Amino acid sequence: MRKKWKLQRKRLFFWFLSIIFTSVCAFVTIGASKEKTQEQPPVVLRLWHVDSFEGGKGARASFLKRVAAKYKAETGVIITVSSLTRIGAQEAFAKGNYPDLFSFGNGVSSALERAVSLRGVEEKALIGGEKRAVAWCKGGYAVYSKKDDFSQISAENTVLSQGGNNLPSVAMAVGGFQGEYTEFPSTTAYVKFLNGEYAYLVGTQRDLYRFSSRGVPVFMKPLTKFCDLYQYLSVTAEGDERIKPAMEFAAFLLSDNVQKTLVEVGMSSAVCSVYGGGEMQAEMDKEPPKYTLPAFIGAEGLRGVKQAALSVLRGESDVGLKKFLKSV
């Protein structure tokens with residue numbers, strides 16, 4: 001009888017323990033569930049990118065996506081990167097649709113009214129004294145020749161390469177050249193140069209990779225006095241809860257570790273000595289440019305500065321041109 005009673009007590013004891021264990025598990029599960037539902041959702045910021053000039057190699061938007069992926073891994077903040085045309089961005093802005101971050105170049109001025117004053121970024125990235133746009137990469141102008149002789153450059157034997165909104169005529173005018181130079185779309189100018197129709201080609205960093213891919217040996221004379229080939233970034237977010245992480249991403253993009261990877265897209269850093277195109281690109285960047293254009297110059301401004309540059313190339317006064325230029 002005693003053995004039977006002991007056995008029953010043991011069963012009651014284990015039954016009681018199982019009830020307690022089940023209750024504790026249920027309590028923990030419910031608490032964890034409540035805690036999970038109370039967690040803040042991840043911050044998601046939108047970055048729009050507009051190409052307004054030719055890059056080096058690869059796509060700058062793809063580069064930004066890779067940087068965004070690294071940033072998410074480190075911070076948990078999600079940056080979605082979308083490529084837009086200049087017209088597409090303007091139409092969105094006109095409807096009051098703005099991203100949190102905006103990457104742009106010359107001739108894309110729509111974000112000016114929304115861009116906020118930047119904090120915590122490298123002063124060197126504030127090209128031309130801008131406070132609402134930082135340059136996160138840059139290119140450069142150069143004269144290319146198949147011979148190591150640049151003493152015969154003239155309007156008759158030199159072709160200018162026009163790619164996007166870049167202004168080779170301004171680079172020539174600021175560089176002290178004169179003459180009525182012929183300008184063609186970039187690939188046309190490149191082909192005409194290769195075919196021997198012109199002895200010299202005034203192009204950009206993009207031509208370095210065109211020559212490299214074709215295995216064409218060329219010599220280069222950098223045009224270092226003027227550069228408008230900057231890709232800018234502005235913060236266009238609203239509210240501190242979005243502006244703060246947007247500012248932090250801008251600082252991350254300008255960090256040395258990220259800037260050193262610009263070699264992936266054949267671009268150079270506007271912040272530190274990082275060359276994206278090997279020895280020739282390094283040569284192009286040895287002497288920093290002295291002048292540029294306002295970051296938020298629009299299409300009308302580009303037409304004005306080009307007309308002023310053409311006047312200088314014809315031998316007229318440079319007073320009109322200087323009104324557009326800003327010291328770097």
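**Entry 1: a word I need first**

I call a residue buried when its relative accessible area is under 20%. The model in front of me is predicted, and I'm keeping that in mind throughout. With that cut-off I went to helix 5, where Ser186, Ala189, Tyr190, Lys192, Phe193 and Leu194 are buried.

**Entry 2: the whole chain**

I stepped back for the overview. The protein chain has 11 helices and 12 strands. It runs to 328 residues, and 48% of them count as buried. I also looked up how far contacts reach along the sequence. Taking contacts between residues at least 6 apart, I find that 77% join residues at least 24 apart.

**Entry 3: back to helix 5**

What do the buried residues of helix 5 pack against? I noted strand 5 (141–145), strand 6 (158–162), strand 7 (182–185) and strand 8 (200–204), plus helix 6. Just past the end I looked at the backbone: Gly196 follows helix 5, and its phi is positive, near 85°.

**Entry 4: aromatic rings**

Next I went through the rings. I describe a pair of aromatic rings by the distance of the centres and the angle of the planes. The structure holds 15 aromatic pairs. One of them is Phe93 with Phe102, an edge-to-face pair at 5.1 Å centre to centre with 75° between the planes. Are these two rings on buried or exposed residues? Phe93 has a relative accessible area of 5%, so I put it down as buried. Phe102 is at 0%, so it counts as buried too.

I then turned to Tyr190 and Phe211, which form a tilted pair, 5.4 Å centre to centre and 45° between the planes. Tyr190 sits in helix 5 (residues 186–194) and Phe211 in helix 6 (residues 205–214), so this pair ties together parts that are 21 residues apart in sequence. I checked accessibility here as well: Tyr190 is at 7% and counts as buried, and Phe211 is at 2% and counts as buried.

Which residues form one aromatic cluster? My list reads Trp48, Phe93, Tyr98, Phe102, Phe104, Tyr230, Tyr232 and Phe296. The edge-to-face partners Phe93 and Phe102 are both in that cluster.

**Entry 5: charges over rings**

Two rings of helix 5 turned up again when I looked for charges over faces. Arg210 lies over the face of Tyr190, at 5.9 Å from the ring centre. Lys146 lies over the face of Phe193, at 5.5 Å from the ring centre. I already had Tyr190 and Phe193 among the buried residues of helix 5.

**Entry 6: Asp228**

I picked out Asp228, which is found in the loop between strand 9 (219–223) and strand 10 (230–235). Is it buried or exposed? Its relative accessible area is 2%, so I count Asp228 as buried. Leaving aside its neighbours within four places in sequence, I find Asp228 in contact with Asn106, Tyr141, Asn165, Asn166, Leu167, Thr292 and Leu293. I looked at Tyr141 in particular: it is 87 residues from Asp228 in sequence, yet their C-alpha atoms are 9.1 Å apart.

**Entry 7: Lys70**

For another residue I chose Lys70, in helix 2 (residues 60–75). Lys70 has a relative accessible area of 38%, so I note it as partly exposed. Setting aside neighbours within four places in sequence, its contacts are Phe252 and Thr261. I also looked up Val258: it is 188 residues from Lys70 along the chain, with 9.5 Å between the C-alpha atoms.

**Entry 8: empty space inside**

How many cavities of 30 Å³ or more does the structure hold? I noted two. I followed up the second largest cavity, with a volume of about 40 Å³. Its lining is Phe53, Glu54, Ser161, Gly163, Asn166, Thr204, Asp207 and Leu229. By class I get two nonpolar, four polar and two charged residues. Asn166 rang a bell, as I had it down as a contact of Asp228.

**Entry 9: a pocket**

Last, I looked at the second largest pocket, which has about 170 Å³ of space. Ala173, Val174, Tyr291, Val312, Asp318, Leu321, Lys322 and Leu325 line that pocket. Helix 4 (168–174) and helix 11 (319–322) each supply at least two residues of the lining. By class, this lining has six nonpolar, no polar and two charged residues.

Technical notes: Residues are numbered from 1 along each chain as its sequence is written. This is a predicted model: local features need pLDDT of at least 70, side-chain atom pairs count only at pLDDT 80 or more; totals for chains, interfaces and linings use all residues. Side-chain values use heavy atoms; hydrogens and water are left out. On a 1 Å grid over the protein atoms alone, a cavity is a set of points where a 1.4 Å probe fits but cannot get out, and a pocket is an open set with protein on both sides within 12 Å along at least five of seven lines; lining residues have an atom within 4 Å of a point. Grid points are joined across faces, edges and corners, and a volume is the space filled by probe spheres set on the points. Ala, Val, Leu, Ile, Met, Phe, Trp, Tyr, Cys and Pro count as nonpolar, Asp, Glu, Lys and Arg as charged, and the others, Gly among them, as polar. Rings of Phe, Tyr and Trp (its six-membered ring) pair if their centres lie within 6.5 Å; planes under 30 degrees apart count as stacked, over 60 as edge-to-face and the rest as tilted. Buried means under 20% relative accessible area, exposed over 50%, partly exposed in between (1.4 Å probe, protein chains only). Helices (H or I, at least four residues) and strands (E, at least two) are DSSP runs, numbered from the N terminus. A charge sits over a ring if NZ of Lys or CZ of Arg is within 6 Å of the ring centre and within 35 degrees of the ring normal. Contact means heavy atoms within 4.5 Å.
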